[in-house]
Amino acid sequence: MSGGNAVTTHGISKRYGRETALDGVNLRVPEGAVYVLVGANGAGKSTTLKVLMNLERADAGTAEIHGLDTVRRGPEARAQVGYVPERPDHGYRWMMCRGLLKHVAAYYPTWDHPYADRLSLAFGLRLDRQVATLSKGESRRLQLVLALGHRPPVLLLDEPTDGLDPVVRSRTLSLLAEHLADTPTTILISTHHIHELESLADHVGVLRDGRLVAQMSRDELQRTVGRYRVEIPMGWQATRELQVAGVRANGVREAQWTLVGDQRELIDRLTLAGAHVREVQPLALADAALAFLEHEVTR
Amino acid sequence: MNLDPRDPRPLYLQIMDEVRRALVVGTLRAEDPMPSVRELSSQLVVNPRTVSQAYQELEREGVLYVRRGQGTFVSPDVRADRRVVAREVAKRALLEARRSGLGVKELIETIRKVATEEVEEPLVPASSSKRGDGK
């Protein structure tokens, strides 16, 4: 591991008319990470990846892939990337799948023909089909072969399992794990199915309304978010400050809250407020990440 | 091998536990070949780094060893570490008991009692429908 960042953005902002799509996003994707970008629909996940691919121009800020500016040195930057877009629009709709694969392969000196054949087979692609006639799921599978086939150092995957049936979904994730074992790759993957990446992901970024509200490693995330089992006196009221952190009193003697913040500090604050913390349980990665989407977070 | 997606402990520790459990149960024995990092990451959909980390730790503990160019194997003189596995089970039971407001003594006495009764009426795992119970 070189320890640097494979993908970086510096204060990326993007507006569509009055809508703010991205607001000062500073992405740091470490070399070799499997970085999952989560957020509700419209939070800015796809826009972030499009800016990295220079398919969208940011209004402010810059982005780099392996130190290459994605605008000024766009072609070189994109040569490092395998990209699965949100909507599988290949252009070249008249081509056969086989033809499109050959066409794309010609652009990449690193194209691995036997590997691309194996992937096509594993995904059950019918190579004699015309691109225009593919279903959403088939398009997505073709897109994955095109992205992985040249074994790029960076993969940008926008909802890669969207539109796939459950069997193909889990096969896709297994293939990604194999790909990682064979080829050193940095993966930035946007999804609203974070649970299926539970054991593959090692970094998480959370986008909310265009802002990156959290970005941390798996360990850090699991240290920062906990499930608190707390005993409270009848009729106990949370202070305003604790309410903001996600504490809700519901008139029972025992309560459970998922809270974000330094564990010791939170326990002190709760104790001071008259609550008794019985247990703090760590959460699985997906649940911990979702905590950032569920309520206001004090930072 | 199975991992419980709800288990918040680090994944490499969970994989290590699964290997230890397999040794106690006997599904894994001395000199057995281990699946490659690639195979196991694909099967569990786990980051290959995590599998490597688990294998390296187990190698350090003398449970596994690497034959150059052939892969990872279970050590010839491996002894199933029943104590480690038992401790993990005990910890889980204790935590569960505490959560339900039960004391240690109460828990131990009840385990004895239930085990005696089980002779007549075998236990059915309450979580048999749940994923990730391992083998």
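**Domain and chain interfaces in the predicted model**

Between domain 1 and domain 2 of chain A, about 810 Å² of area is buried, and carbon and sulfur atoms account for 75% of it. The structure described here is a predicted model. The two domains of chain A span residues 5-209 (domain 1) and 220-294 (domain 2), and their centres, taken over C-alpha atoms, are separated by 36 Å. At this boundary, 11 residues of domain 1 of chain A are in contact with 9 residues of domain 2 of chain A.

With respect to polar interactions, 4 residue pairs in polar contact are counted between domain 1 and domain 2 of chain A, both residues of each pair being at pLDDT 80 or more. Strand β10 of chain A (residues 203-208) gives the most to the side of domain 1 that touches domain 2, contributing 4 residues. By residue class, that side of domain 1 of chain A comprises 7 nonpolar, 2 polar and 2 charged residues. Salt bridges across the interface of domain 1 and domain 2 of chain A number 0.

Chain B is likewise assigned a domain 1, residues 11-74, and a domain 2, residues 82-118. The C-alpha centres of these two domains of chain B lie 29 Å apart. Contact between them involves 4 residues of domain 1 of chain B and 5 residues of domain 2 of chain B. The area buried between the two domains of chain B is about 390 Å², with 67% given by carbon and sulfur atoms. On the side of domain 1 of chain B, the residues that lose the most area to domain 2 are B:R20, B:R21 and B:V24, which together make up 82% of what that side buries. Between domain 1 and domain 2 of chain B, the count of salt bridges is 0, and the count of residue pairs in polar contact (both at pLDDT 80 or more) is also 0. The side of domain 1 of chain B that touches domain 2 nevertheless contains 3 charged residues, together with 1 nonpolar residue and no polar ones.

The interface between the two chains was examined in turn. In this interface, 17 residues of chain B are in contact with 28 residues of chain A. Chain B and chain A bury about 1800 Å² between them, and 47% of this area is on carbon and sulfur atoms. Within chain B, the residues losing the most area to chain A are B:R38, B:V45 and B:R99, which together represent 34% of what the chain B side buries.

Across the interface of chain B and chain A, 3 salt bridges are found. A salt bridge joins B:R38 to A:E178, with the closest N and O atoms 3.4 Å apart. Residue B:R38 thus combines a salt bridge to chain A with a place among the three residues of chain B that lose the most area to chain A. Polar contacts between chain B and chain A amount to 11 residue pairs, both residues being at pLDDT 80 or more.

The elements of chain B that give two or more residues to the side touching chain A are α2 (37-44), α3 (48-60) and α4 (82-99). Of that side, the largest share, 4 residues, comes from α2(B). In composition, the side of chain B that touches chain A divides into 8 nonpolar, 4 polar and 5 charged residues.

Notes. Residues are numbered from 1 along each chain as its sequence is written. Chains are lettered from A and ligands numbered from 1 in the order in which they are written. This is a predicted model: local features need pLDDT of at least 70, side-chain atom pairs count only at pLDDT 80 or more; totals for chains, interfaces and linings use all residues. Side-chain values use heavy atoms; hydrogens and water are left out. Contact means heavy atoms within 4.5 Å. Buried area is the accessible area (1.4 Å probe) that two parts lose on being put together, summed over both. A salt bridge is a side-chain nitrogen of Lys or Arg within 4 Å of a carboxyl oxygen of Asp or Glu. A polar contact is a pair of N or O atoms within 3.5 Å; within protein, one must be able to donate a hydrogen and the other to accept it, and residues adjacent in sequence count only if both atoms are side-chain atoms. Ala, Val, Leu, Ile, Met, Phe, Trp, Tyr, Cys and Pro count as nonpolar, Asp, Glu, Lys and Arg as charged, and the others, Gly among them, as polar. Domain bounds come from an automatic or database domain assignment.
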